[in-house]
Amino acid sequence: MYFLRRILQMIPVLLVVSFIGFMLLRAMPGNPFDSERKPATPEIERNLQAKFHLDESLWKQYLRYLGVVGDAYVNVSGVAPAETGRMQENDFFQTDSQPLSDAEKKEIIQLADQTYTDPAPVGTKRVFLIGKDSETLRTNAPVRTEDERVGYVEGRLKAKPNVAIVRLTQPDLVSAEVKASVKWAKSGLINGDLGPSLKYRNHTVNDIVKQCLPVSMTLGLLAFFFAMATGIPLGCYMALRRGEWGDYVGGFVAMLSFCIPSIVIAPLLILWLAVKLKILPIALWESPWHAILPTMVLGLYFSGRIARLMREGLSTTLNAEFITTARAKGVSESAILWKHAFRLAILPVLSYSGPLLADLLTGSFVVENIFQIPGLGVFFINSIFNKDYLMTVGLVLLYALLLLVINLLVDASYSLLDRRVRNE
Amino acid sequence: MKRSTTFLGRFPGRLVQSFQRFTFLPFVAATALLSSSCLEEQKADIVIINGAEPGTLDPAIVTVQADARISHSLFEGLARLNPVDATPIPALAEKWEISEDAKTYTFHLRTNLIWSTGEPITSKDVVYSWIRVLDPITASEYAGQLFYVKNGEEFSSGKIKDPSLVGIKALDAYTLKVELVNPTPFFLDLCALTTLAVVPQKTIEKYGDRWIMANPLPTSGSYTLETWRIHDKIRLRKNPRHWDAQNTRNNIIDLLPSESAMTAMNLYQAGQADVIWDKNLIPGELMDVLRKQPDCHLYDYLGTFFMRFNTTKKPFNDPRVRKALALTIDKQRIVERITKSGEKPADHFVPNGMTIYKSPDGYGYDPEQARKFLAEAGFPGGKGFPTFQYLFKVGETDKQIGVELQAMWRDQLGINMELRPAETKVYYTSVTAMDYDVARSSWIGDYNDPNTFLDMFLSNGGNNRTGWKNPRYDDLLREGNRQLDVKKREQILQKAETLLIHDEMPIAPIYYYAGVLFFRTNEIEGIYYNLLDEHPFQAIGRKQAKGKL
């Protein structure tokens with residue numbers, strides 16, 4: 001029950017994150033399409049804005065991003081493409097629920113003739129599409145079947161804005177005989193669609209996440225395990241040698257590891273291990289050997305932190321009363337350490353590892369940039385500079401989701417390690 | 001349709017497999033390096049570090065030169081560029097005729113053209129591709145390159161809806177007739193632009209914006225797109241069905257996207273890349289050392305770094321003020337102390353080297369004269385001159401130039417300038433909105449004709465962005481572009497440029513860009529220095545073993 005509630009709580013959190021992210025990003029100065037060259041005509045510029053709906057009100061853009069408003073119009077069927085330039089009576093995409101009377105059809109054709117005085121060029125096929133509300137029928141909006149684009153909305157009737165004229169680019173895919181079910185593409189956050197990228201125009205945000213997240217996750221997990229595998233032993237060592245020289249040396253090493261930023265340590269390691277000794281590759285992401293250097297660089301920073309947390313946790317626990325009791329009872333030192341103290345001592349590390357893991361899994365700009373690794377980290381930063389709004393919001397949401405899920409897992413593991421903690 | 005599936009076989013998955021095989025001892029590197037090398041994909045013939053990850057490879061949408069180079073190797077137009085001197089030579093069109101009045105071009109396509117997927121390429125495909133660029137729905141930022149075609153501008157701006165009225169017609173499957181608004185001396189150069197390349201209609205209509213990722217992707221150029229892994233690698237493979245396939249000098253080209261100059265240079269030095277051809281990827285701080293290496297190639301091309309004045313704002317609405325500021329810029333010092341890659345100081349806007357044009361003389365460095373101009377304008381010794389801002393893109397070189405300008409203007413003219421750095425997109429937005437006093441600017445020519453520079457400053461030109469309007473300039477440019485006689489045309493255009501860089505100076509030219517290429521001079525051949533900085537992939541090859549010694 002507790003976990004179900006936690007999972008349900010994620011939804012409003014994500015909504016708030018998406019809202020704040022979206023609005024903040026849009027409040028930034030700069031326009032994604034401004035460059036050294038201006039589009040040839042204002043018309044082209046307008047079309048560019050319209051294509052990505054940047055010309056709408058912010059509220060509507062946000063709702064469209066969520067998928068509440070937008071091209072989610074479904075199940076229109078029954079099609080007969082026009083062979084002549086003028087629209088005719090059987091040129092209707094008609095919703096199942098609203099059959100049109102002949103009189104209504106005639107009226108629409110008449111209105112179409114007034115709006116579109118020029119006949120369509122021979123060979124093009126246009127049909128009417130009647131929408132439930134006029135908002136979905138935007139000019140240039142794609143009209144698609146289940147998996148293919150078959151045309152686009154050319155314009156709307158002035159007098160009847162819920163009637164659009166659709167130019168079919170693939171008329172043979174939608175024929176009257178087939179009675180193909182034509183629907184708008186499902187889009188928006190609620191359909192798991194993070195939208196298009198304004199910078200990488202041949203890819204959607206989903207494409208990019210799908211390609212780059214596994215890479216970042218692989219590297220992040222490796223770095224996480226590296227940090228744990230070096231940090232925890234070092235921390236334990238320091239705690240057990242508290243006040244001795246081993247503690248001070250260990251503390252110094254730990255301090256060093258998180259004081260030197262990766263932007264310094266990476267080139268040094270590359271210079272030493274890859275350029276001078278030539279035992280590891282310089283950059284790229286081709287084989288396991290390419291992962292070693294970035295893993296070390298990325299993990300080193302966190303291993304120092306973990307070592308210090310572990311040291312604090314363990315030395316506090318070792319001074320606790322129940323340990324003294326155990327000692328008095330004659331429990332062996334190693335049993336005290338591993339059976340009783342360690343389980344409690346690792347708790348601070350555990351709660352730190354939640355956000356740490358989310359951080360690592362979504363990639364690091366510096367490390368990915370230096371080692372030229374095709375991960376997501378680079379997009380986090382670059383999308384902001386490119387004003388690639390949808391990409392940034394998508395990545396922020398991804399990060400938030402990972403953080404929420406991992407924190408939930410951390411909380412779950414708390415109750416396993418410490419019997420006093422009950423998840424209520 | 002998604003090419004990303006090939007990705008699954010890649011490293012993240014492989015990592016798990018191979019670590020299972022090795023007992024986890026990653027530091028025993030010697031044997032391991034050997035075993036990992038057998039996991040790698042087929043080796044490419046040429047590896048090029050190309051620049052940042054391409055925004056798109058769609059010829060109609062491409063605006064970045066590094067992206068256009070890849071796009072152009074996939075999709076070819078009626079003409080293409082000679083790799084040596086970047087002049088247009090026949091490509092999909094075998095030959096063409098130009099009418100008496102130079103307003104009608106008839107192109108004859110080769111009859112053996114096929115897409116990489118096997119279907120024939122006909123004149124219909126060319127018509128489709130060009131109309132697609134003009135179509136407002138495509139929202140191509142480069143559509144203006146087709147406004148020289150009859151009704152091109154009208155169709156693009158939505159004034160006419162019928163594409164059949166545009167002056168490009170397929171007479172039969174292999175013949176095309178193109179009608180121009182005016183004689184356009186550089187029209188063949190335009191035909192060799194990436195924007196006008198021939199693209200596959202069916203694929204585009206089927207997949208929409210993501211059509212480039214279709215598999216198989218029909219291409220009309222020398223290569224096919226084998227892989228496009230975002231931020232990782234683009235792999236091109238020779239298109240055996242291309243009409244000129246026997247002259248394509250390599251089978252596989254890998255293009256690595258990179259954003260870190262140090263990494264790029266490290267990869268190059270370690271032999272993992274053969275070419276770096278993005279200037280941003282050559283570490284500027286090492287330029288003094290690098291330029292002495294035999295692999296470093298410096299050459300001129302058509303690009304100008306200049307300054308825009310906001311002529312709608314006081315005191316920059318006075319040409320004398322603009323001239324005073326321009327004449328105080330010690331351009332020699334900037335190219336020697338800051339840019340350091342062989343750039344040349346610019347006294348005029350159109351760079352040197354144009355085949356049919358030589359720029360008139362502009363102003364050089366002359367602080368004496370500058371002070372006179374400033375005094376005439378009412379600010380003797382800089383007295384009363386308001387503090388103004390210099391807008392530039394965040395970046396080391398630009399900042400250094402800004403600091404240098406600040407000192408020059410303060411010391412020579414006694415006026416105060418503040419630096420106003422802005423991140424790239426904000427910078428562009430501010431310049432477009434005319435929200436600046438003085439702004440750094442740059443322009444790279446699209447083709448070898450002065451028009452590609454001069455038409456920027458037409459009164460209603462979108463790229464003008466200085467607020468400078470001069471009807472005489474507009475008239476001269478229009479008259480020049482109607483003129484068929486090359487010598488006369490040059491004279492007219494020179495008059496126009498004189499207005500721009502001598503009489504009125506809404507801009508102050510600072511230096512001409514220099515191209516920088518890094519490639520192994522004794523291994524790679526087929527990369528030539530040319531004014532457009534274009535290096536068609538099919539001409540690049542490895543020298544034969546005997547050349548290596």
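Helices and strands are DSSP runs, numbered from the N terminus, a helix having at least four residues and a strand at least two. With these terms, the backbone of this predicted model can be followed through four loops, taken here by the kind of conformation they contain.

Most residues other than glycine have a negative phi, and most peptide bonds are trans. The cis peptide bonds come first. In chain B, the loop between helix 8 (201–207) and strand 8 (223–229) holds Pro216(B). The peptide bond that joins Asn215(B) to this proline is cis, with omega at about 0°. Further along chain B, Pro315(B) occupies the loop between strand 12 (296–309) and helix 11 (319–327). Here the bond from Lys314(B) to Pro315(B) is cis as well, and its omega is near -5°.

Positive phi values form the second theme. In chain A, Leu284(A) belongs to the loop between helix 7 (262–276) and helix 8 (288–318). Although not a glycine, Leu284(A) has a positive phi, near 80°. Is Leu284(A) buried or exposed? Leu284(A) counts as buried because it has 20 C-beta neighbours inside 10 Å, and the cut-off for a buried residue is 20 or more.

Chain B offers a further case in Arg465(B), which is placed in the loop between helix 16 (451–454) and helix 17 (471–482). The phi of Arg465(B) is near 55°, again a positive value in a residue other than glycine. Arg465(B) has 24 C-beta neighbours inside 10 Å and therefore counts as buried.

Definitions and conventions. Residues are numbered from 1 along each chain as its sequence is written. Chains are lettered from A and ligands numbered from 1 in the order in which they are written. This is a predicted model: local features need pLDDT of at least 70, side-chain atom pairs count only at pLDDT 80 or more; totals for chains, interfaces and linings use all residues. A residue is buried if 20 or more other C-beta atoms lie within 10 Å of its own, exposed if 12 or fewer, and partly exposed in between; C-beta atoms are placed from the backbone.
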